[in-house]
2 protein chains.
Amino acid sequence: MTRIPPADRRAALVQAALRVIARDGVTAATTRRIVGEAGMSLASFHYVFESRDELMAELVNAVVSSEQTDLEPALDASRAPIGIRAAIRSGLQHYFDGVRADPDREKAMFELTQWALREPGFAPLAGRQYDRYYELAERAARDAAALTGSVWNRPIAEIARLLVTLTDGVTIAWLVTRDDAAAERALDFAADALAAFAEPADGGAAVGSLLHNPNAGIR
Amino acid sequence: MTRIPPADRRAALVQAALRVIARDGVTAATTRRIVGEAGMSLASFHYVFESRDELMAELVNAVVSSEQTDLEPALDASRAPIGIRAAIRSGLQHYFDGVRADPDREKAMFELTQWALREPGFAPLAGRQYDRYYELAERAARDAAALTGSVWNRPIAEIARLLVTLTDGVTIAWLVTRDDAAAERALDFAADALAAFAEPADGGAAVGSLLHNPNAGIR
DNA sequence: GTCTATAACCGGATAGAC
DNA sequence: GTCTATCCGGTTATAGAC
């Protein structure tokens with residue numbers, strides 16, 4: 001067959017493995033299934049990868065660095081300025097729409113985390129996966145505040161962790177129950193609770209924060 | 001060997017499987033490993049179980065019905081009455097202490113859920129697992145309100161779902177990062193946010209709720 | 001470099017002796 | 001009823017032809 005540069009072959013196998021994992025789970029991602037998905041021979045696999053574990057490590061790294069889980073508020077430049085609560089809620093909705101559009105992908109992310117937690121020597125990979133999540137959440141939190149002229153009154157790293165904690169919880173519950181309405185209510189709750197940690201950037205912040213009604217906007 | 005009633009043998013195998021899963025994960029729970037753990041022969045397994053799937057189904061059912069994950073506030077009858085926020089926080093701490101005391105068990109619960117979600121025909125089992133969680137959370141929410149003379153101003157089923165969503169998120173984050181301080185902060189956050197959904201049982205509820213400061217008690 | 005063929009092993013499940 | 005021995009398919013990884 002035509003020769004393929006090893007780097008390209010590795011990348012192709014990682015992508016094939018990701019498709020298999022999304023479709024059938026980490027357990028189903030055997031070397032044979034992966035090379036089948038990639039249209040290669042088994043020997044080609046072991047020509048560019050020492051072992052299945054080596055591929056899995058590269059796969060998690062690829063997932064982590066390409067991860068674009070989107071918590072950014074869906075921006076519409078032409079729209080009127082919105083409050084921080086609406087910005088958070090919009091970002092959460094954006095994320096959740098992604099989950100609903102591709103549940104298998106989300107299931108795969110959880111499976112990869114748990115696989116890494118279980119596989120000896122791979123736990124740090126799960127840590128890096130979550131560091132990346134926190135990084136993305138932090139960016140989203142920063143943008144939401146900037147967009148609405150707000151400031152967070154707690155360290156942004158804490159806000160980011162809460163965001164990930166909440167989205168994880170909502171995602172798992174939805175994957176199990178597929179209850180859209182309950183998920184939306186949980187996102188309302190999350191937006192309300194997080195908005196309580198933001199205040200207007202100008203001086204008159206304290207009063208606004210104190211009087212903020214955490215129930216506002218929950219239907 | 002000595003004869004063992006089939007029901008006892010089934011139970012013993014389920015318990016052995018649970019130990020293997022907690023120790024080494026669902027993937028490692030092969031029939032051979034399970035019978036090894038139980039000190040039986042492979043044939044004994046297939047004498048009382050049609051297949052490995054049949055054991056797994058019984059195992060999840062056993063887990064679900066014996067599940068005693070404890071979200072109840074740690075009560076001390078001799079202690080002064082406490083507010084709803086403290087009661088919730090105490091229950092969450094109680095739960096989290098359990099997670100920290102036996103992380104493998106918690107990891108196993110997540111793995112079982114994901115295994116069921118993935119295995120054809122077993123998704124309803126994951127649903128029942130979560131129904132049970134919601135049931136336990138609902139009981140805890142009811143008790144916390146009764147204990148503190150409060151009433152929930154939202155359906156208790158919603159409170160229960162939020163509780164499970166929050167504990168799931170906190171648990172996953174902790175299993176990955178092992179960051180105790182961050183978990184405690186998240187539990188503070190959860191207690192504050194949930195307390196906003198409770199009011200004193202007597203008439204003067206509205207004002208108290210409106211003025212409730214969701215940041216109170218977060219260190 | 002890429003292939004086919006195979007080694008070496010582990011999985012669930014079963015046959016048949018006792 | 002419980003055992004040992006075995007079947008058979010699937011797994012990772014490698015050997016060796018081309």
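**Close-up 1. Where chain B meets chain A.** In this predicted model, the contact (heavy atoms within 4.5 Å) draws on 48 residues from chain B and 48 residues from chain A. Interface size is often quoted as the accessible area lost when the parts come together. Here chain B and chain A bury about 4000 Å² between them, with 61% of that on carbon and sulfur atoms; buried area is the accessible area (1.4 Å probe) that two parts lose on being put together, summed over both. A quick note on bookkeeping: residues are numbered from 1 along each chain as its sequence is written, while chains are lettered from A and ligands numbered from 1 in the order in which they are written. Since the model is predicted, local features need pLDDT of at least 70 and side-chain atom pairs count only at pLDDT 80 or more, whereas totals for chains, interfaces and linings use all residues; side-chain values use heavy atoms, leaving out hydrogens and water.

**Close-up 2. Charged and polar pairs across the chain B and chain A interface.** Six salt bridges are counted between chain B and chain A, a salt bridge being a side-chain nitrogen of Lys or Arg within 4 Å of a carboxyl oxygen of Asp or Glu. One of them pairs A:R185 with B:E158, at 3.4 Å from N to O. Twelve residue pairs across this interface are in polar contact, both residues at pLDDT 80 or more. The rule for a polar contact is a pair of N or O atoms within 3.5 Å; within protein, one must be able to donate a hydrogen and the other to accept it, and residues adjacent in sequence count only if both atoms are side-chain atoms.
On the side of chain B that touches chain A, α8(B) gives the most, with 13 residues. Helices here are DSSP runs (H or I, at least four residues), numbered from the N terminus.

**Close-up 3. DNA strand D and the residues around it.** DNA strand D is surrounded by 17 residues, and the closest are A:T31, A:R32, B:R3, B:I4 and B:S44; near means that a heavy atom of the residue lies within 4 Å. Of the strand D atoms within 4 Å of the protein, 58% belong to sugar or phosphate and the rest to bases. Phosphate oxygens of strand D have a polar side-chain atom of A:T31 at 2.5 Å, a backbone N or O atom of B:I4 at 2.8 Å and a polar side-chain atom of B:R9 at 3.2 Å. α3(B) gives the most to this surface, with three residues.

**Close-up 4. Salt bridges within the helices of chain A.** Over all chains, the structure holds 44 salt bridges. In one of these, A:K107 and A:D104 have their closest N and O atoms 3.9 Å apart. The two residues sit about one helical turn apart, because they are three residues apart in helix α6 (residues 103-118) of chain A. A:K107 is buried at 11% relative accessible area, while A:D104 is partly exposed at 32%; buried means under 20%, exposed over 50% and partly exposed in between (1.4 Å probe, protein chains only).
A:R132 and A:E135 also form a salt bridge, at 3.0 Å from N to O. A:R132 is buried at 13% relative accessibility, and A:E135 is partly exposed at 46%.

**Close-up 5. A:R154 with A:E158, and a network.** The side chains of A:R154 and A:E158 meet in a salt bridge of 3.0 Å, N to O. A:R154 is buried at 17% relative accessibility, and A:E158 is buried at 16%. Salt bridges with shared partners also link A:R85, A:R89, A:D97, A:R100, A:D180, A:E184, A:D188 and A:D192 into one network.
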